[in-house]
Amino acid sequence: MGDKLTSSKLSAELTSIVRDKLELGSEERVSVRVLLEEDAILEKVTVDLEGNGLKIKDIQEGPDVVITGTLAVQNIPAITSVSEVDRIEYDRSS
């Protein structure tokens with residue numbers, strides 16, 4: 001499991017919430033906020049995120065694009081590999 005959660009894209013809170021579940025290969029879903037890099041192409045990123053298991057609930061466009069949705073714990077490493085993703089945080093509002 002060691003390097004699955006070492007991505008600097010993951011918030012400390014999300015890492016602590018899913019660490020044990022990821023070790024077990026859990027399919028449990030967790031609510032996340034995905035913050036995109038400034039020059040990200042939204043249409044491309046949403047296809048990549050959905051292809052990696054993110055079920056998108058909402059997209060807030062603006063200077064900072066924030067995508068909220070749910071993701072199986074086991075798919076978190078795949079989401080971090082999407083280059084336009086700046087940060088992934090636990091979504092407390094869900």
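Here is a short friendly conversation about this predicted model.

Colleague: Before we start, how are residues numbered, and which pLDDT do local features need?

Modeller: Residues count from 1 along each chain as its sequence is written, and side-chain values use heavy atoms, without hydrogens and water. As the model is predicted, totals for chains, interfaces and linings use all residues, side-chain atom pairs count only at pLDDT 80 or more, and local features need pLDDT of at least 70.

Colleague: Which element gives the largest share of the largest nonpolar core?

Modeller: A nonpolar core is a set of buried Ala, Val, Leu, Ile, Met, Phe, Trp, Tyr and Cys residues joined through side-chain atoms within 4.5 Å. Here the largest one has 22 residues, with Val32, Val34 and Leu36 among those with the most contacts inside it. Elements giving two or more residues include helix H1 (12-23) and strand S1 (29-36), helices and strands being DSSP runs of H or I, at least four residues, and of E, at least two, numbered from the N terminus. The largest share, 4 residues, comes from S1.

Colleague: Where do the buried residues of H2 fall, seen down its axis?

Modeller: Buried means under 20% relative accessible area and exposed over 50%, with partly exposed in between (1.4 Å probe, protein chains only). In H2, Leu42, Val45, Thr46 and Leu49 are buried. Taking directions from the helix axis to the C-beta atoms, these buried residues line one face of the helix because they fall within an arc of 100°.

Colleague: Which residues are exposed on the other side of H2?

Modeller: The buried residues of H2 are covered by elements including S1 and S3. On the other side, the exposed residues are Glu43, Val47 and Gly51.

Terms used: Contact means heavy atoms within 4.5 Å.
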